[in-house]
Amino acid sequence: YLLLPWLILLAVSIGPDIRLYRGLMLTEAGADHVRTARSKGASEARVLVRHLLPNAAIPIITNTVMAVPFLVLGSLLLERFFSIPGIGDLVVSSLGNGDFPVLKAITILSALALMVFNLLADVVQRPTFAAEEIERQRQQALSALKVAAEDPESIAGRVIGRLIYGF
């Protein structure tokens, strides 16, 4: 009794996602670091696992995790059409009955689910680029401090000069 709704939801939602994933992988496959890895003689499996997937995974994870709340809410018409009791059927019947407190509650829960899944996507993605980002920020801060310390005319240069060099 649930097979046909699942197949319809899958058929409607899988096409754009597969096109996005394919485009991301093709874009990443043409990147310089991937060509360099191949030219150094790395196997295709190593290129895929070490160079392609980590960089292409960031938007894929975001898209997948952010699709979950929309799958729940996107089944509004399917639930109504197949007479499946659920949130979608509740929303449509509440609209018809003018039950606005229920609609407000579902809207708040939907927004909360969207925020939670957005946070989950950020937490899942964090290990993929955390080390590079931290090192880049550290280098930027150090170079900014050096530039400011070398300019004795600026206020920042005088403050940093006093703190670091004591003059």
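## Helix α1 and its nonpolar patch

Leucine 3 sits in helix α1, which covers residues 3-29. The model is predicted. Leucine 3 has 62% relative accessibility, so this residue counts as exposed; the cut-off for that class is over 50%.

Leu3 also contributes to a nonpolar patch on the surface. Its partners there are Leu7, Leu10, Ile14 and Ile18. The patch spans about 480 Å².

## Confidence

Mean pLDDT for the chain is 78. Of its residues, 77% reach 70 or more.

Confidence varies along the chain. Helix α2 (residues 32-39) has the highest value, a mean of 88. Helix α7 (residues 155-164) has the lowest, with a mean of 60.

## Salt bridges

How many salt bridges does the structure hold? There are 2.

One pairs arginine 35 with aspartate 32. Their closest N and O atoms are 2.2 Å apart. Both residues belong to helix α2. They are separated by 3 residues, about one turn of the helix. Aspartate 32 counts as exposed because its relative accessibility is 53%, and the class begins over 50%. Arginine 35 is at 48%, so it is partly exposed.

Another links the side chains of arginine 38 and glutamate 44. The N to O distance is 2.9 Å. Arginine 38 has a relative accessible area of 34% and is therefore partly exposed. Glutamate 44 is likewise partly exposed, at 49%.

How values were computed
Residues numbered from 1 in each chain as written. Predicted model: local features only at pLDDT ≥ 70, side-chain atom pairs only at ≥ 80, totals over all residues. Heavy atoms only, no water. Patch = residues over 30% accessible without salt bridge, like charges linked within 9 Å, V, L, I, M, F, W, Y side chains within 5 Å. Areas by Shrake-Rupley, 256 points an atom, 1.4 Å probe, with all protein chains shown as cover. Salt bridge = Lys/Arg side-chain N within 4 Å of Asp/Glu carboxyl O. Helix = DSSP H or I, 4+ residues; strand = E, 2+ residues; numbered from the N terminus. Buried < 20%, exposed > 50% of the residue type's maximum accessible area, 1.4 Å probe, protein only. pLDDT = per-residue confidence, 0-100.
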